[in-house]
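Here is a friendly walk through one helix and two pockets. Have the model open as you read.

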Amino acid sequence: MFGKANGVQIKTPEQIAGMRAAGQVVARALDTLRAAVRPGVSTLELDSLAEKVIRDAGAVPSFKGYHGFPGSICASVNEEVVHGIPSAERVLADGDIISMDCGAILDGWHGDSAITVAVGQARPEDLRMMEVCEESMWQGIAELRPGKRLGDIGHAIDHHISHNGGYGNVREYGGHGIGTEMHMEPHVLNHGRRGKGLKLVEGMCLAIEPMTTLGRQDVVQLDDGWTVVTRDGKRAAHFEHSVAITADGPLVLTARESNRDKISQMGFVQPSW
């Protein structure tokens, strides 16, 4: 049984533990992908790696077959913002950047997370944009506390992006509720006004996922019906974590070992590693 608050699924501590288990599967998959990224690797090879990690854990890739999506991950390269389809023909080259979005279902619970990784010798401007995007995600996560508002999350993300390089902040896509489904209410904008919107309560679980661009924020979907690219062809970054709201603060369900110091620094609830 699930509680509801303003149409949003509320989880018990035991159910949140189940979501953390699903999140750990996703975290391991993304760690495997990060280690595998190098020039000469195709995005389809990365997709196969992620699927193996997920299935070996007794989980199911939540993306595969979702509204017809063919991959276990979204692999978005350079100007591709989100929803890139893995392909044997898309081979990574030195200096590329790739965003990898991964989801898994374990015992009925969903985990969802994304990282952007540089391939080989990175361009400094790409690394800085990626850093700002990831940090804006953490700033958004910091607002996931009982009594806060949905607008507080978007405001924190947008404020960080606009005050640290003024990168494009993609507005057509955003975060979402997560639990027994991958995409649930509420939609979580990456911009907003403080003190406005849905009141956050203990037991809500949200995926926080900003997307930044080196140029304008405008995007367009390609004819494949999935891949979203920047309209001006400039590069983009995407980071995401699934997070539970607890009485003690945010619990990052998809946290990776490499996030340990950041979680401690931000004063978030320490997940079981």
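This is a predicted model. Let's begin with helix H4: its buried residues are covered by, among others, helix H3 (124-141) and strands S8 (168-169), S10 (184-188), S11 (205-208) and S12 (211-213). Which residues of H4 are buried? They are Leu 150, Gly 151, Asp 152, Ile 153, Gly 154, Ala 156, Ile 157, His 160 and Ile 161. H4 itself runs over residues 150-162, 13 residues in all. From its first C-alpha to its last it reaches 19 Å, close to the 18 Å expected at 1.5 Å a residue.

Now for the pockets, set out side by side.

| Pocket | Volume | Lining by class |
|---|---|---|
| Largest pocket | about 380 Å³ | 10 nonpolar, eight polar, four charged residues |
| Second largest pocket | about 180 Å³ | eight nonpolar, three polar, three charged residues |

The largest pocket has 22 lining residues, and those nearest its centre are Tyr 66, His 83, His 176, His 183 and Glu 209. Strand S9 (175-177) and S10 are the elements that give two or more residues to this lining. S10 is thus a strand to look at twice, as it also helps to cover the buried residues of H4.

The second largest pocket is lined by 14 residues, with Pro 13, Ile 16, Ala 17, Thr 246 and Leu 251 the closest to its centre. Here the elements that contribute two or more residues are helix H1 (13-36) and strand S16 (241-246). H1 provides the largest share of that lining, four residues.

Definitions and conventions. Residues numbered from 1 in each chain as written. Predicted model: local features only at pLDDT ≥ 70, side-chain atom pairs only at ≥ 80, totals over all residues. Heavy atoms only, no water. Expected span 1.5 Å × (residues − 1). Buried < 20%, exposed > 50% of the residue type's maximum accessible area, 1.4 Å probe, protein only. Contact = heavy atoms within 4.5 Å. 1 Å grid on protein atoms, 1.4 Å probe; cavity = no way out; pocket = protein on both sides within 12 Å on 5 of 7 lines; lining within 4 Å. Points joined across faces, edges and corners; volume = space filled by probe spheres on them. Nonpolar A, V, L, I, M, F, W, Y, C, P; charged D, E, K, R; others polar.
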